[in-house]
Every structure is written in C-alpha cells, then in structure tokens.
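Reader: Please take me slowly through the surroundings of the ligand, and then through the part of the protein that this leads to.

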Amino acid sequence: MAATKIAVAGIGKIARDQHLPAIARSGAFELAAAISRNERVEGVENFTDIQAFLRNRPDVAAVSLCAPPRPRLQMAVSALEAGRHVLLEKPPGATVGEVEALVALARKKGVVLFATWHSRFASCVEPARRWLSGKTIRHVEIVWKEDVRRWHPGQAWIWEAGGFGVFDPGINALSILTAIAPPVFVTDATLEVPENCQTPIAAQLTMRGVTGFEVTADFDWRQEGPQTWEIRVDTDAGLLVLADGGSRMSIDGEQRPGGLEAEYDGIYARFAGLLASGESDVDLAPLKLVSDAFMIGRTVDVDAFHD
Ligand code: NAP
C-alpha cells in the first residue's frame, strides 16, 4: 500500500526529537511538508502558516500537530475543516470543551482524529495493565519530578495560561494511570505557582478510584540531579513499580521484562491503523483530571521562576 503523505506542524523540540524520525522510519507515512513560522525542514516543502499549506497541498491527507496546545486548536480546526486526518500531540487541547468540539468536527467531516498519549506507548505500560487486570488496587503513589530547565529550556508558553506548567509532564503520568487502573477522580489539589507565572511549577494531587483506592501524585519541576518518573501501585498481589516514565517495571522488587521501547513508532503505527479503519481515538480522561485539579486546586504563591 502507498504511504500516506503527512505534514508536521510546529517544528520545535518534540517534532525534531521524535515525530520527524518516527515518520522517516515508518513505512506507512511519507513526510510531504512542514508548517512552522520560524523553522524549516530540509527536503520537503515548507509553509509558515497552515492555511497556505491547506490551499496548496490537497494531496497531503494527514497532519501531525506538534505546536503547543493553545495555538494548536486553530490549526486543528482548519485541518479538519479541510478534510485532513489529524494527529494531536499531548495534551490534545487546552480545555476539555475544545477537544470535544474537535471530535464532533472530525465526525462531521468523516476524518480521523487521534489524540496521542506517548507515555501509553512506553514499553512496560501494557504489561503493567495486563498484570493489574483482575487484581485489587489498594493505593497508588505517583512521583513525577524533573528539572524544567533541562527539559523545557526557553519555552515561554508553558508558563502562560493554558500552558499547563508542571502538568505538561504530569499529564503523562495521568495518561499511564488512566490506562492501567480503573477510573479515578480528583479529590484535592495544591498548585504551587511562581509569582511571575500563570501556571504551576509543582502540584500535589489526591485522587480516588471508583473502587475505593486512593492515589497521591507529586509533580515537581524543580528537581535537579536524578530525575524521577515513577508510579507505585500497591495491590493485594504485590507492589508494582513503573519507573522511568513506564519503560521499566518491577513487581515486589523483581524486574520484569517490557516490550520494545518505541513510543513514537507506536504512535505512528496506531495512526496508520486508525486511518485504515476510519476510526478516531480520543481519550479525554487525563485532560479531565488536570482540568479538575485546576478547578478545585488551592493556589500557593512560590518564588519567581527565571529560566
Ligand atoms: P516547542 O519546542 O516550544 O515547539 C513548539 C513549536 O510550535 C515551536 O517551535 C513553534 O515553531 C510552534 N508554535 C506555533 N505557534 C506557537 C506559539 N504561539 N507559541 C509557541 N510555539 C508555537 O515545544 P515542544 O516541547 O516541542 O512541545 C510541543 C508539544 O509537544 C506540547 O504539547 C508538549 O506537551 C508536547 N511534547 C513535548 C515533549 C518534549 O520533550 N518537549 C515531549 C512530548 C510531548 P515556530 O515558531 O517555527 O512556529
């Protein structure tokens, strides 16, 4: 089968680190264009705005949107209106309502919308989901602590309203949690917001599972030295620990093998499958948890942040 022509919009860190290499490795897609105001991709046609791309390249069936969530919305609306299939980087939008509107638009236009959660494709997430299936969860502890200066140097948008702050990485933990455990809801949240920013640099959440277990989550962007991306699930059959963002797993301290490490290859394989079946895949559960944390969270002012 011929590869589907795809364009990537918002050429920044994640587009260059992951999307362009994954598309180049994928037999299912062929990079046909790039859309970015300031960046260019060698070897393909470049556009500085999505309208010009949509007018000039009707042959490109799919668009991968890698801009930050706020500017991404208008790109998604334009692409769907033009009848293109759309892949959204995480988080799929800045609000739950706008993503629901995108789902409705994709359905109306008969195209595929794929809201990706890359952490769900980490190698041990599916094995963890399988191991937990049928077991009773007693407690979950999420510790997601990283150094914002190391992972998001110079990114102003993460500190602006709608930029998610520490929930930008934290939502990855929530995307794993909502893939491996029964549904949860937020019961309490504290948001630590630097006095010169609009979004939190740290947050502590408590959640409750519908089956009664409690979840605590500690998100912090001020961690220097070793970085921690860990989910500890205490069950009636032992303690499952997912470490390194879902790429390592142990049960009662014993390491267990995962699958292949292929987060973005997995994403593009899944997108190809969705295009073949004509189905969309949009799970809003992680975004709703973040939205609810902002809704009921107590805000605490903390020291100003300087990059
Ligand atoms: P980034 O490095 O800031 O790149 C985003 C690109 O989007 C920018 O280079 C910019 O390119 C374009 N853009 C268009 N409108 C923009 C606007 N109003 N403000 C800022 N940029 C705009 O960000 P990123 O780290 O790649 O993150 C993008 C998305 O990927 C986010 O949703 C993030 O959560 C997700 N993600 C990031 C990582 C990571 O490790 N960084 C990992 C997984 C997922 P032009 O100026 O050329 O238009």
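Author: A polar contact is a pair of N or O atoms within 3.5 Å; within protein, one must be able to donate a hydrogen and the other to accept it, and residues adjacent in sequence count only if both atoms are side-chain atoms. The model is predicted, so local features need pLDDT of at least 70 and side-chain atom pairs pLDDT 80 or more, while totals for chains, interfaces and linings use all residues. Residues are numbered from 1 along each chain as its sequence is written, and side-chain values use heavy atoms, without hydrogens or water.

Around the ligand there are 23 residues (a heavy atom within 4 Å),, of which Ile14, Ser36, Asn38, Lys90 and Asp168 come nearest. A polar side-chain atom of Asp168 lies 2.5 Å from a ligand oxygen, and one of Trp157 lies 3.0 Å from a ligand oxygen, whereas Lys13 brings a backbone N or O atom to 2.9 Å from a ligand oxygen. Taken alone, the ligand exposes 860 Å² (Shrake-Rupley, 1.4 Å probe),, and the protein buries 83% of that.

Asp168 leads on to helix H7, residues 167-180 (a DSSP run of H or I, at least four residues),. With seven residues, H7 gives the most to the largest nonpolar core, a set of buried Ala, Val, Leu, Ile, Met, Phe, Trp, Tyr and Cys residues joined through side-chain atoms within 4.5 Å, where buried means under 20% relative accessible area with a 1.4 Å probe, protein chains only. That core has 55 residues, and Ile142, Met207 and Phe219 have the most contacts inside it.

Terms used. Buried < 20%, exposed > 50% of the residue type's maximum accessible area, 1.4 Å probe, protein only. Helix = DSSP H or I, 4+ residues; strand = E, 2+ residues; numbered from the N terminus.
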